[in-house]
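The exercises below ask for careful reading of a structure, and each is followed by a worked solution. Please try each task with the model open before reading on.

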Amino acid sequence: MSYVAQELSFRAGGRTLLDRVSITLAPGQVHAVLGPNGAGKSTLLRLLAGDLEPASGQRVLNGRRLEHWTSVERARQRAVLPQQHGLSFAFTAAQVVELGRLPCVRQGPAREQAIIAAALARTDAAHLAQQPYPTLSGGERSRVQLARVLAQVWEPALQGPQVLLLDEPTASLDLAHQHQCLRLARECAAQGMAVMVVLHDPNLVLSYADRVSLLCCGQLQAQGTAEEVLTPERLRQVYGLDFSLHSQNGQRWLQVRP
C-alpha cells in the first residue's frame, strides 16, 4: 500500500500554483521534494496532508481516496510538520509534544508520558521538556515540533502504512541536527512509513533520499532516484547556477561553481 497522488493542480488568486503533479510515496522510502522558492513544494505537501483541496486530480491513501477518510482517521494515518511553528500559549515543550497524542488511542498516563519523553529524546530535546515553548530558539522549536510529529505516529496504524509529511524540517537547524533529523526520517522509513520531506539542499537529498521530485514554477521537472534527477545540467536549468558533481569513495556531492 502507498500514497498515490495523480495529476494534482491547485489555483489561488488567479494563479496556478501546482499544475498536474503526480507523486507516489512508498512505505520504506524517503521521498524528497526539491525546487526553488515558489516552485509549489509546500502547496503539494498541504494537498497531500488534506489541508488544501485540489482544483483537479485525486489522492489515494492506502487504496482509499483521501476525502473518504475522517479527520481522526487521517490524523492517525499521517502526521504533518509545517514550515511555521507559531504558538503563543505558554505551553511547555512536553505539552506541545502531547498535542500530537490527541488523535491517538490513549495508553494510560504512565505510557503516554513515556511516549512523550521518548519522542523528545529522539530529537535531542529531552532537556527542553519543561521549558516554556515561546522561550525556545527556532531550532529548538523545530526539534520539539518534530517530536510532536513522531509522537503522533508512535504506534502503527490499523489501516495500512503511515505517512510523514515534513516541510523544510532542517531550515532552522544547525548542521548536526540537520543530519540527525534526516537520519530520523530514514529510521521512520525503515519502520515501514512513507516519508516525504521538502528540502533545499541537494547534497542532503543525495545523502538521504530514495526518490526525488524536482519542481519548478508549479510543474514537475523530473522524478526518480537522486542520481537520476540531480544532474548539474538539470539543476542549472532550474536554479540558473552552474553545478559540478564530485564522487569519492562511493560518496557523491554537488558544488556550485563560482
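**The surroundings of an arginine**

Find which backbone oxygen lies 3.4 Å from a polar atom of the side chain of Arg74, and then describe the charge partners and neighbours of Arg74.

Solution. The backbone oxygen is that of Gly50, which lies 3.4 Å from a polar atom of the Arg74 side chain; a polar contact is a pair of N or O atoms within 3.5 Å, where within protein one atom must be able to donate a hydrogen and the other to accept it, and residues adjacent in sequence count only if both atoms are side-chain atoms. The model is a predicted one, in which local features need pLDDT of at least 70 and side-chain atom pairs count only at pLDDT 80 or more, while totals for chains, interfaces and linings use all residues. Residues are numbered from 1 along each chain as its sequence is written, and side-chain values use heavy atoms, with hydrogens and water left out.

Next, place the residue: Arg74 belongs to helix α2, residues 71–77 (helices, H or I with at least four residues, and strands, E with at least two, are DSSP runs numbered from the N terminus). Arg74 is buried but has no salt bridge, and Glu53, the nearest side chain of opposite charge, is 4.7 Å away. Here buried means under 20% relative accessible area, exposed over 50%, and partly exposed in between, with a 1.4 Å probe and protein chains only. A salt bridge requires a side-chain nitrogen of Lys or Arg within 4 Å of a carboxyl oxygen of Asp or Glu, and for charge Lys and Arg count as positive, Asp and Glu as negative, with His and the chain ends not counted. Finally, leaving aside neighbours within four places in sequence, Arg74 is in contact (heavy atoms within 4.5 Å) with Ala49, Gly50, Leu66, Glu67 and Trp69.

**A helix and its lysine**

Determine how many residues of α1 are buried, and then examine Lys41 in that helix.

Solution. Begin with the helix: 7 of the 9 residues of α1 are buried, which leaves it mostly covered. The buried residues are Lys41, Thr43, Leu44, Leu45, Leu47, Leu48 and Ala49. Just after α1, Gly50 adopts a positive phi of about 90°.

Turn then to Lys41, which lies in α1, residues 41–49. Lys41 is buried and has no salt bridge, the nearest side chain of opposite charge being Glu168 at 5.1 Å. A polar atom of the Lys41 side chain does lie 2.9 Å from the backbone oxygen of Gly35. Among the contacts of Lys41 beyond four places in sequence are Val33, Leu34, Gly35, Met196, His200 and Leu215.

**Enclosed and open space**

Establish which residues line the largest cavity, and which elements contribute to that lining.

Solution. The structure holds 1 cavity of 30 Å³ or more, and the space within the largest cavity is about 40 Å³. On a 1 Å grid over the protein atoms alone, a cavity is a set of points where a 1.4 Å probe fits but cannot get out, a pocket is an open set with protein on both sides within 12 Å along at least five of seven lines, and lining residues have an atom within 4 Å of a point. Grid points are joined across faces, edges and corners, and a volume is the space filled by probe spheres set on the points.

The lining of the largest cavity consists of Thr123, Ser142, Arg143, Leu146, Pro169, Leu173, His177, Gln180, Cys181 and Leu184. The elements that give two or more residues to it are α5 (138–152) and α6 (175–190), and α6 gives the most, with 4 residues.

For the open space, the largest pocket holds about 270 Å³. Of its 13 lining residues, Arg76, Val105, Pro156, Ala157 and Leu158 are the closest to its centre, and α2 supplies the largest share of the lining, 3 residues.

**Two positive phi values**

Decide where Glu7 and Cys217 are found, and whether each counts as buried, partly exposed or exposed.

Solution. Glu7 is found in strand β1, residues 3–12, and has a phi near 55°, a positive value in a residue other than glycine. Glu7 counts as partly exposed because its relative accessibility is 41%. Cys217, also not a glycine, has a positive phi of about 55° and is found in the loop between β9 (211–216) and β10 (219–224). Cys217 counts as exposed because its relative accessibility is 62%.
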